Every structure is written in structure tokens, then in C-alpha cells.
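Here are a few notes to help you find your way around this one. Have the structure open while you read.

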Amino acid sequence: MSERQWGTVREDYSPDGEAWSYLPHDHARSRAYRWGEDGLAGFCDIEQRLCLGLALWNGRDPILKERIFGLTGAEGNHGEDVKEYWWYLDAVPSHAWNRWRYHYPQIAFPYEELRVENGRRGKHDPEYELLDTGVFDDNRYWITEVCYAKADPTDLLITVTVANAGPEADTLHVLPTAWFRNSWSWDNDAPKPVMAAAGETSARIEHPFLGPLELLAGNAPDGTAPALLFCENETNFSRLYAAAPVTPYPKDGINDHVVHGADTVNPRGNGTKCAFWYKLEVPAGGTAELRLRLRPRTTSAKAAALGQQFERVISARRDEADEFYSELTPKAASEDEALVMRQAFSGMLWSKQFYYYDVTRWLDGDPTQPAPPASRRSGRNARWRNFNSFDILSMPDKWEYPWFAAWDLAFHCVALAHLDPAFAKYQLILLCREWFQHPNGALPAYEWDFSDLNPPVQAWAALEVFSIDNGRDLEFLSRVFDKLLVNFTWWINREDAEGNNLFEGGFLGLDNIGPIDRSHLPSGDKLEQSDATGWMAFYAVSMGGIAVVLDRVGHRPATDLVMKFLEHFAAISDAIDWQGLWDEADGLYYDRLLLPDGTAIPVKVRSMVGVIPMLAVAVIDQVMLDQSVVLGKHFANFLHRQGLDDRDKLRQLGMLRGEPGNQRLLLSVVGMDRLEKLFARLLNESEFLSPYGLRSLSAYHRDHQYTLDLKGYGATIDYEPAESTTNMFGGNSNWRGPLWFPLNYLVITSLERYHRFFGDELTLEYPSGSGRRLPLDAIATDLQDRLISIFTRGPDGRRPCFGGVERLQIDPAWKDNLVFSEYFHGDNAAGLGAAHQTGWTGVIADLIRRRHGDVRSVGDVIRILVNQA
């Protein structure tokens, strides 16, 4: 389940589209959600009919701890920001074993202090975190772990372990909770499931889709039985709206009963939400374990269900998980790298989420509910009535971004393919299905605005997933290729306004990398983006690569399509040359701002925007080369203009390799003369190259602020290695200096592709100015090592990702629990942005496997397949 359903677009029925304020955290415990559920250690069936989670109470908080707390976009001094500590420590693809950990303060949780202090701070100030409040001082907190293990696909075992880390005995209220997603309040005569007491410590569960189930709970360690409480997953209209209640036992009934002693739980012992209420007194340093089991209803004894057989299943699932990751871990990897890889993979698996969003129903409203405001008919996502998701999707971050994002998902799939290639392929196919992809061919970007644009990396991801799966699934590759053809055509028709093969694109994920808001330019202005144009060349190369595979292995004739994408590649490459996006003096590509009077102004910001054209690199073999010359179209003319039709000259330059009949030609948007200049800038430690990878913005701008002063508006950009100081696209969305994994990953793959062609003959100075020249694969390896070192312990025993937070660095209860942040400080690699991202940062697990030679490259897999055909 999600870590946060409140504050999402799906649950927003406001007239102004202010999702954060329409359903805030304070309402979450009292309002029935329409489109999904959230909770601590949340677990559910594949359609989220039945949910399991955990509630805790330290006896001092004003509410039960049922969900993770954080600040909204307006409350945080750097945008939305989660304010708790929890970790996804283990998981396997079948979810037969899952382990989750959470640290809960013993003193009152400082909800208001976090709001007030972060609200007081400005964008130049650090964020005020939960550790800063002092609630963990003297180790006065509870270490809570939840493990889920399956005896079979429908028999789920649960352990809840709590440890008192504090210096004194204390009491913790633990409430393992089960509830139905509210599926009955939105339609007339919708069936309503029921759960009811079936003895002192068991609940009978009846659901029309799930069948008869039972939830069993064991006694506390001291032998006392928990109290079994029931209420309804219904909105508390009295509390929220001062209106007549629909039930005396609403969604927050258990909360009010436990915290305030209110008479808000059903004395008849039935409802749609239940909890087993344990009161555990645990001595200092002591531990208590609780056991529960959800299974199809049976006549077997409860004692046996929670006894030795239970222990055997838990032990077996844990051992199987160890064996699974042992096989995935490269033999040459260190113990610490193995830990990083396993937790990154586990975070990817925990970040799978049921995602339900029927846009037509959301726009028009439900038959039993008030009509939505008329403004939504022309507002957010109004053009996406075809979108109708009722599926499992990989989330970028289940608290900050509890919705899929098209570009993020591509990187997720690369990591997931190592664990569950079928699920990774399913994600890419799903994104292109008719109920996701717009009829015009556009792919939905993300929940806040499906019409926004993300870089078109899905074809690249499809090739990577296909390769990681050892090239076994040609049907998948063919299927996703057909749908991406439609999307590619949409890009060509929609985002090249002038028909000159220079693409606009707008947002493209790199929103804060430039001095201006690229999606909201002054009237009449156009921005020709080197990154958008580079991404389209990259898209053309990736689609051409898929076509080559399908054609050469005999799966389907695709020669014409290979030529189509070579033609596009040639046209885009020509456009980049002709339109002056390259700056010879700076050795980078720059955006161009076109004014209504025809003036073209280069936006000279040294950023990753200027590097993206380098990603578009491919190798064509002699068959394709000969065909292009015979056909004599744009690509052949492109070869002629570039001097690439003189094969003797090409061989002398090293651009054409192999024996006659088996020759290969390197194609790159960036010619070799420019490539070395670009890499000299990129691999310079005073600019992009940091000790931990490549910065998104050159550190040159630390001392050389760039200013664009035009038509009465001015914009500036300077190097910001940490959190953003601008509101552009949200306070925590910052490409102005930090390290981001997606582009680092793609640069590494491009270096490897160049090296596979040139071998050790091509070397670059690395770092720039060092006087040391290395082959490109050695540079790629060093970049991998720099990225991996963000998470591993250095010689000083510290992990750079934890920055200067001493408890995270040295406390045994904290220091090996990892989170995989959205991005990292450009100078010291401290984790920033969405704290529980995992998401695209999960590719660190892929990098660890590749670093130690456990993963073949796409090129190697394709060569093997072609040779076998």
C-alpha cells in the first residue's frame, strides 16, 4: 500500500486543484479514501480489497500512529517533506518474505513543532528534521519491525517485533489492523463486505471477491489476549463537517476509543475495520514479539497455526530470501556492497503499489456523492478521459510521489528486471496500453499533470530489460515497439513546432536546470532545447535498435523501420548542427530562446542539458550501411555531408571497423572532434565531476552566476549543490547542482557503448587536466565506483549519503538502514529530496551487479542473438 493517500490528486475534489489542502494529514484518520489506502507496513491483496497495517500509540501522542507524517508542499521550507524514519529492509519478488522497520519516539510526536519550525525557515536554511527535535535523545524510542511471510499464496504469516531502545521500562500500544478499502460508498447498491469477531482473538472476514478468510492473533508475551476492536471504514462526518454521522463507529473510531476512551467501537464486534489492541510493557533493552496469521477459513486449531509450524515457515522464508540474494550478489562484491544492493532491490519491491484512478469517473463524480466542481471539467487531466488504472505500479516514492511517473518508471524497470523481469516488462507494456496511452499517442507523465512531458526513455528501457532477461522475450520487445511507434510519431508531430527537427518539450524532468521556467515561457517565445532534441535522437537510436533485433533474429521483417529511424537520426543530427546549438568555445550544447522578432539567444548554462546529445550513439553494420547508400535518402546524404561515405578515410579515423563484409560504423550526434571537448568539460573536477559522480550543473557557476536579462524580465542561475532556493516546479525539485542517478547512469552506458566500438584505442584525460589518459571503460568503471561509494562505508566508516547526521553514521541501530534518496549533494553526496525515493536511485543495485561483471551489455546480448539466428 501507499505510505500516503492523503494530499494526492486522486483524492482531490476541490474547485482549485489544491490537493494538499483538500485532504490534509489531519483529515486522513477520519475520511474514507475514494481511490486507495495507506498505512504503516501496509500490505494488501492485488486489488486492494483487504488491507493490513500497523497502528502504534506511545500513550502520549494525540492520535494513533497509523500513517507516516510529513509536511505539505506549502509547509516545508523545501517543499513536501516526510518527517519520519522507516526502512524497507528486505523483500523477494513473490512477496513471500518482506521486512519493514520503523523508529517511533516514546515521547509525544512533535507534529506542530515540525510544522512551525519548518514554516519559519527559508529556502536557504536546512530542513528541520525529526532527529533535530530531540525526541530520540537518550534512545527513548521503539524499534518496530514487521515481517510478512507466506506459507502459500493465500496464507500470510505476520510478526510484529518491538524493542525498547530507551533507558527505562515503557508501555507501547500495538494495534495490528485489518480493513476493507471502501468500495461500497460510491455506487448505489454496491455490496458491503464484513468482518466480525470469531472468538476472543480471531476475526472472520467475508468478502465477495476474496472468499471466507480468518485473521488470527496470538497472545502477548505475558499471556494476555488482545482486545478485538471494530469500527467502519466510513467518513466521520461529525468531526470533519459537523454533519449527521452515517455510523457511530467511523474510520477513526478505534483511534478515539484507544486515545480518548470514547465509545466509538462497535460493541457487537463487527464492521469493516478491526484491530487487535495489545498493551505491551517492555523493560529497557527488552523485546516483545506478536504473531498473526491471515488465511482461508479452516477448522484447524489456532494454537497450531501460531506455533512451531509458524516458526518453521518464517525461518524457511528468511533462508530462501538469503539464498535468492546470494545468487544475485556478484562474487567479487564486498559485504557492504551486498547490503546496499539487497536493500535497494527490497526498496524497489516495497514500492510496488496498487494504483486506482479512473479519470472519467473522477471528473464526473460518483452517483452517491455530491457533483464535483464544474472547474475540474477543464482543469487537471481533463483531456485524459481514456486513463483508467486499476493495477500494480512501481512508485517513485510511496510518500512524496505515491503515483507513477513515466520517465521514472523506465529506470525502475531496469532495476526490477534483475529481480522480476516479467513485472518489469509488464510495467512498460502497461504504460502503453489503451487505458494509459492517450489516443493521440502521448504517454501519461504523472498524476499532477498527465499532459506534461518526460524524456522519452521507454524504448531504451525496453532494450535494457530485454537484455537483462538474456534476450529471451522477443514477443515483449515486438509488442512494446508497436505502441512506442505511436508515441514516437506523436513526439515528431507535436513537439517540433517549426518542423525543423529541433524539439521544445518544456518540463522534461530537468525543470530547475535552467534560469527560466521552460514550460511557461513569455507569450510568443519558443525554446529550442538541446536536451529535448538530444532525447529525440536517443529515442530514434533506441527504436532503431529494437527494430534491428526484431529483424536480425527473424522475428519479423523490420528493415524499413530500421531505415526510418536512421532517417530520423540523420535529420535530428543535421538540425543540431545547422541551428547552432553547439558552442565551440565552451564545448557544450546550449538551448536557444527564439523571440517573436526572429532573434535567437543561446542560453549559456553549463548543465547536463548540454550533454544529453552525447547519449545518442549507435553502431550500424555493413548491411544497413550498404542499404542506406543504395536508397540514397536523407541518411545517405547525411553520411556524405559528414564525410562518412569515404570508407577508406573512415577506417583511417577508426570510425569504421571490421573486415569487409562485416564492417561496423559508429554513429553519434556528437562528432569525434566535439566528443572530446564535451568530455573534457564533463570530466573536469572543477565543473561536473564530483567525488561521487556527475553534477547536474557545473560548479563553474559557483563563482560565475549566469544571468539572462531580456524584455523586462530577468533570470539567473547559480550552482546549488543542495536543496533548491527557487520555487520553480516545487521547492524540492532541484537540478541546479546535485547528483541524480538517471543521467549518471545513462552517461556510463554511453561511455561503455563508445568503448565497445573503439576498445582501448580511444582514451580521454581523466579527470580533465590530470595528465592521465584512460580508456572509456575504465572511466565508466570509475564513475560506477563513485556512485556506489555514496552508500558504502568509506575508510572512516561513514556513508556519504547520511551526510553530517551523526546518529545515522555511528549508531548501530541506524547506520546500516539505508534509504535511496531522490538526489544527492553535489559536493558531499548527502541524501536530499524525497528521502525514501528508491525509485530511479534503485539502479544502484544494477550498477553494483554491472560493476562486477554479472550483467551483459545490450550490445553483447544482441550480438549473441544475431549469431544464433
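The points below cover one strand with its partners, then a single serine.

1. Before anything else, keep in mind that this is a predicted model.

2. A good place to start is strand E2, which spans residues 50-57. Eight of its eight residues are buried, so you're looking at a strand that is mostly covered, given that buried means under 20% relative accessible area. Look at both faces and you'll see cover on each: Leu50, Leu52, Leu54 and Leu56 are buried on one side, and Cys51, Gly53, Ala55 and Trp57 are buried on the other.

3. Now for the company E2 keeps. Strand E1 (residues 40-44) pairs with E2 in the antiparallel sense, over three bridges. Cysteine 44 stands opposite cysteine 51 in E2. The E1 and E2 hairpin has five residues between its strands, and there glutamine 48 takes a positive phi near 50°.

4. E2 is also joined to strand E9 (residues 170-180), with eight bridges and an antiparallel run. To find your place along this pairing, take alanine 55: its bridge partner in E9 is leucine 175.

5. Next, hop along to serine 821, in the loop between helix H22 (806-810) and strand E33 (823-824). Is serine 821 buried or exposed? Its relative accessibility is 6%, so it counts as buried.

6. What does serine 821 touch, leaving aside its neighbours within four places in sequence? Its contacts are Gly831, Leu832, Ala834, Ala835, Gln837 and Thr841. Have a look at aspartate 397 too: it sits 424 residues from serine 821 in sequence, while the C-alpha to C-alpha distance is 9.2 Å.

Notes:
Residues are numbered from 1 along each chain as its sequence is written. This is a predicted model: local features need pLDDT of at least 70, side-chain atom pairs count only at pLDDT 80 or more; totals for chains, interfaces and linings use all residues. Side-chain values use heavy atoms; hydrogens and water are left out. Helices (H or I, at least four residues) and strands (E, at least two) are DSSP runs, numbered from the N terminus. Buried means under 20% relative accessible area, exposed over 50%, partly exposed in between (1.4 Å probe, protein chains only). Contact means heavy atoms within 4.5 Å. Two strands pair if DSSP finds at least two bridges between them.
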